[in-house]
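Here is a friendly walk through the model in front of you. Have a look at it first, and then we can start with the ligand.

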Amino acid sequence: MRVGVLTGGSDCPGLNAMLRAIVRKGVQEYGDEFIGFRDGWRGVLRDETVPLDIPAVRGTLPRGGTILGSSRTDPFRADDGLDRMLGTLARHRVDALIVAGGTATLTAAARLADDHGVPLVGVPKTIDNDIPLTDYTVGFDTAVGVATETIDRLHTTAESHKRVLVVEVMGRSAGWIALHAGLAGGANCILIPERPFGVAQVCEWVESRFKATYAPIVVIADSALPDSGEIALHGVTPPPDGGPRDRLSGVGEWLGREIERRTGKEARTTVLGYIQRGGSPSPFDRWLATRFGLHAIDAVHQGDWGSMIALQGTRITRVRLAAATSTLKTVDPALYEEASVFFG
Ligand code: F6P
């Protein structure tokens, strides 16, 4: 078969491990040929390809990023997007497509498969871990590892200087990284977008921590927002519904300043940013991405179009792309409650 492959949306560690697995199994077991599309859907729109064969994937298992490149291009927003994509796929005589992406990339994939009959299979990847029907997405574990190591390091400097350290982590619409890294790193307070926070409560936790030791660490997701009282008080503008990047930009810095102002304690903010997305994948992400890749090429050969590879418990399964992209997987309130025993 001639199989097209693309990686779309934000990059994350583990994508190359996935590509390697797809190509190795496809070539060795099925005799497939691969066409790599450059920079996500953009490459399909513009007919830009990248060589994707065994030499191209050799040595890439531990490498972060994606050898195919990525972009946030939404193909259905482009002029004649559908016709251009179908044209490219026909010109390359593509029999099937494997699409690795987060919600936006996979939503376009679901539409292509279900509404336009394009034979494709999806693979969930995003450090945010916000795709439903899979326990984990490729990249999440690495991001949690980086954030946890950062929190460990911040504990010691916070102690030396008796400061509050605020750590802002990613998580565009869900607080998974904040919750997991906050628990793993022993944060004294975790703030996530699913639960608007009161600054007064955060300051109480900070002060009670100062009474016990010296080093309160506050972990905040970059999409977390103060509660409505705070918004009214400070004229903070909440993001329009669904607007991914239009949130309270710099919420970590803002919170650090507020804590300092209200408690009189020195506070510093560290914004982790793209460090969470770069570099080598963790062993778990290599394992997950490799298994997702192996199962994706199997799904192609079984003609399971419109499916998405998923991890449920320890089993790799398949779910419908349409179901996995119809909503976001946010943090269960019970999980947050469980973590709150360590606040303060
Ligand atoms: O989807 C992962 C993510 O890291 C989000 O948490 C973050 O909001 C976004 O990507 C930022 O990506 P970019 O700046 O590349 O658009």
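The shell around the ligand divides into 2 nonpolar, 4 polar and 3 charged residues. Here Ala, Val, Leu, Ile, Met, Phe, Trp, Tyr, Cys and Pro count as nonpolar, Asp, Glu, Lys and Arg as charged, and the others, Gly among them, as polar. Ser10, Gly102, Thr126, Ile127, Asp128, Met170, Gly171, Arg172 and Arg277 surround the ligand, each with its C-beta atom, placed from the backbone, within 6 Å of it.

This is a predicted model, in which local features need pLDDT of at least 70 and side-chain atom pairs count only at pLDDT 80 or more, while totals for chains, interfaces and linings use all residues. Residues are numbered from 1 along each chain as its sequence is written.

Now for the domains, whose bounds come from an automatic or database domain assignment.

| Domain | Residue range | Residues in the contact |
|---|---|---|
| Domain 1 | 2-139 + 281-324 | 15 residues |
| Domain 2 | 141-277 | 13 residues |

Contact means that the C-beta atoms of two residues, placed from the backbone, lie within 7 Å. On the side of domain 1 that touches domain 2 there are 6 nonpolar, 5 polar and 4 charged residues. The domain centres, taken over C-alpha atoms, are 33 Å apart. Because both domains give residues to the shell around the ligand, the ligand lies between them.

What share of the 344 residues of the protein chain counts as buried? The share is 50%, where buried means that 20 or more other C-beta atoms, placed from the backbone, lie within 10 Å of the residue's own.

Note on methods. Buried ≥ 20, exposed ≤ 12 C-beta atoms within 10 Å, placed from the backbone.
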